[in-house]
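Q: Please take a close look at one part of this model, the pairing of charged side chains. I would then like to see how that part sits among the other features of the chain.

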Amino acid sequence: MTKVVLITGASRGIGRATALLLAQQGYAVGVNYLQDQAAAEQVVSQILEQGGKAMALQANIAEEDEVVAMFAALEQTLGPIDALVNNAGILFQQTGIEQLSAERINKVLSTNVTGYFLCCREAVKRMAWRHGGQGGAIVNVSSAAARLGAPWEYIDYAASKGAVDTLTTGLALEVAAQGIRVNGVRPGCIYTEMHASGGEPGRVDRVKTLLPMQRGGQPEEIAEVIAWLLSDAASYVTGSFIEAAGGR
Ligand code: NDP
């Protein structure tokens with residue numbers, strides 16, 4: 001039977017690459033996005049052209065009612081959810097603590113942390129055996145910045161990813177007996193538009209020689225890790241993290 005996956009922030013970058021890979025592997029894919037409808041529709045069209053199933057789902061993951069409506073729409077059109085990839089995240093320009101405002105901190109935390117919590121909640125409600133669900137798998141996309149690197153350059157972002165890791169560990173323990181696995185991926189410097197939207201176009205090329213592998217990563221390389229963690233090949237893996245950061 002076709003498995004159903006919801007990927008947040010799948011209109012571009014790592015989310016897009018994951019949507020295309022999982023569709024190739026036979027998943028029906030919910031392609032969530034915030035504002036770039038054309039990009040999300042392009043991902044959906046590409047999947048449909050290749051004989052797959054997909055739908056675009058506009059929702060701000062930081063808004064509770066929008067998350068609830070998104071899960072309902074996914075289920076209604078594609079069927080019960082089997083997998084969730086919490087991927088949508090934001091990064092603002094590097095700055096020191098003295099320049100950080102409450103508004104900026106709250107914006108980062110509401111997307112990168114509250115959004116992940118809300119999507120996990122809606123997924124667990126549907127996947128848990130105690131609710132008649134079939135179990136499932138969740139992958140939370142974190143960052144190497146949660147662990148090391150130069151988190152002081154964007155300490156709000158790094159702190160939000162630290163919270164994501166704590167969520168991953170705690171939720172994995174909470175729902176392991178409900179047939180749900182929860183794991184994390186910590187990418188390093190990946191060629192996507194995130195660095196440009198964080199005011200740093202070209203960042204990956206500027207820092208790549210500092211990395212042990214001497215290169216940035218491609219979104220497809222992160223998608224492969226996510227796909228493995230969701231797959232039955234990882235059936236005994238929960239509460240784990242995979243570093244996908246070129247050795248950093
Ligand atoms: P991109 O900036 O390329 O894409 C971000 C995606 O998230 C877009 O699809 C965007 O939608 C969506 N999005 C943003 N805010 C929201 C929201 N509030 N609700 C719903 N969707 C939203 O990001 P990346 O692919 O680079 O990053 C993906 C994940 O990987 C993030 O969690 C990031 O922190 C993490 N990561 C990335 C690294 C990198 O070097 N690129 C390194 C380490 C971790 P729209 O197009 O509509 O705006």
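A: A residue is called buried when its relative accessible area is under 20%, exposed when it is over 50%, and partly exposed in between, with a 1.4 Å probe and protein chains only. The model is predicted, so local features need a pLDDT of at least 70 and side-chain atom pairs count only at pLDDT 80 or more, while totals for chains, interfaces and linings use all residues. Residues are numbered from 1 along each chain as its sequence is written, and side-chain values use heavy atoms, with hydrogens and water left out.

Side chains of opposite charge can pair when their charged atoms come close. The pairing considered here is the salt bridge, a side-chain nitrogen of Lys or Arg within 4 Å of a carboxyl oxygen of Asp or Glu. The structure holds 14 of these.

One of them joins the side chains of Lys125 and Glu122, with 3.1 Å from N to O. Both residues belong to helix 4, where they stand three residues apart, about one turn of the helix. Helices (H or I, at least four residues) and strands (E, at least two) are DSSP runs, numbered from the N terminus. The two partners differ in accessibility: Lys125 is partly exposed, because its relative accessibility is 43%, whereas Glu122 is buried at 2%.

A further salt bridge links the side chains of Lys208 and Asp205, at 3.4 Å from N to O. Lys208 is partly exposed, with a relative accessibility of 27%, and Asp205 is also partly exposed, at 42%. Elsewhere, salt bridges with shared partners connect Glu64, Glu75, Arg121, Glu122, Lys125 and Arg126 into one network. The pair in helix 4 described above, Lys125 and Glu122, is thus part of this network.

Glu200 and Arg206 also meet through their side chains in a salt bridge, with 3.4 Å from N to O. Glu200 counts as buried, since its relative accessibility is 15%. Glu200 leads to a further residue, His195, which belongs to helix 6 (residues 194–197). Neighbours within four places in sequence aside, His195 is in contact (heavy atoms within 4.5 Å) with Leu91, Ile190, Glu200, Pro201, Arg203 and Val204. His195 is itself buried, because its relative accessible area is 8%.

Helix 6 also borders open space. Rolling a probe the size of a water molecule over the atoms shows where empty space is left. On a 1 Å grid over the protein atoms alone, a pocket is an open set of points where a 1.4 Å probe fits, with protein on both sides within 12 Å along at least five of seven lines, and its lining residues have an atom within 4 Å of a point. Grid points are joined across faces, edges and corners, and a volume is the space filled by probe spheres set on the points. The largest pocket contains about 1,000 Å³ of space. Its lining comprises 43 residues, and those nearest its centre are Arg12, Ala88, Gly89, Ile90 and Met194. Helix 1 (13–24), strand 2 (28–33), helix 4 (102–127), helix 5 (155–175) and helix 6 each provide at least two residues of this lining. Helix 4, which holds the pair Lys125 and Glu122, is therefore among the contributors.

By type, the lining of the largest pocket has 19 nonpolar, 17 polar and seven charged residues. In this division, Ala, Val, Leu, Ile, Met, Phe, Trp, Tyr, Cys and Pro count as nonpolar, Asp, Glu, Lys and Arg as charged, and the others, Gly among them, as polar.

The second largest pocket has a volume of about 270 Å³. It is lined by 18 residues, with Gly136, Ala137, Gly179, Ile180 and Arg181 closest to its centre. Strand 5 (136–141) and strand 6 (180–187) each give at least two residues to that lining, which divides into eight nonpolar, six polar and four charged residues.

Helix 4 can also be viewed through its cysteines. A disulfide is a pair of cysteine sulfur atoms within 2.5 Å, and the count by this rule is zero. The sulfur of Cys119 lies 7.4 Å from the closest cysteine sulfur, that of Cys120, which is too far for a bond. Cys119 is buried, at 0% relative accessibility.
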